[in-house]
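Hello,

I am passing on to you the structure we talked about, together with some notes that I hope will help you find your way around. Please open it and keep it beside you as you read.

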Amino acid sequence: MSEDNKKSMVSYWKNIQEVYTKDGFTIICGDYEGREKTVGVHWPDYPNSRGYLTPCVIPKHISNPMIEGLIVQSINMGDDERLKKLQKAYSYINS
């Protein structure tokens, strides 16, 4: 994740790691105020509030299957770099 994105993100998100990006759609994991260790999604400049990027929080019952599906896709594509990021995110949010 670029340092500019981190600086322009609302303060509710901490310890942010970008785990998946495709065509501007980005999945992050991190600590969200009130919900530690969660997944969020955003696009290059949306959603935002007062000029700050505010990724949508994805509930665990949705984020787990979403990341599991991306893990399977990464295995099938042989994309080891993406696989490692997704596995790390899955472990992080489920620890």
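Below is what I found, beginning with one helix and moving on to the core.

Please bear in mind that this is a predicted model. Helix α2 covers residues 60–77, and at 1.5 Å a residue its 18 residues should span 26 Å, which agrees with the 25 Å that separates its end C-alpha atoms. Within α2, the residues Ser63, Asn64, Ile67, Leu70, Ile71 and Ser74 are buried. They cover an arc of only 135 degrees around the axis, so they sit on the same side of α2. An α-helix has 3.6 residues a turn, so residues three or four places apart point the same way. On the other side of α2, His61 and Asn76 are exposed. The buried residues of the helix pack against the strands β1, β2, β3 and β6, and also against helix α3. Just after α2 comes Gly78, which takes a positive phi of about 70 degrees.

Turning to the core, the largest nonpolar one has 14 residues, and those touching the most other members are Val19, Tyr20, Ile27, Cys29, Val39, Ile67 and Leu86. Two or more residues are given to this core by each of β1, β2, β3, α2 and α3, and the largest share, 4 residues, comes from α3. If you leave aside its neighbours within four places in sequence, Val39 is in contact with residues including Trp13, Ile27, Cys56, Ile67 and Ile93.

Finally, Ile16 lies in strand β1, which runs over residues 13–22, and Ile16 is buried, because its relative accessible area is 8% and buried means under 20%.

Best wishes

How values were computed. Residues numbered from 1 in each chain as written. Predicted model: local features only at pLDDT ≥ 70, side-chain atom pairs only at ≥ 80, totals over all residues. Heavy atoms only, no water. Buried < 20%, exposed > 50% of the residue type's maximum accessible area, 1.4 Å probe, protein only. Expected span 1.5 Å × (residues − 1). Arc of directions from axis to C-beta. Contact = heavy atoms within 4.5 Å. Core = buried A, V, L, I, M, F, W, Y, C linked by side-chain atoms within 4.5 Å.
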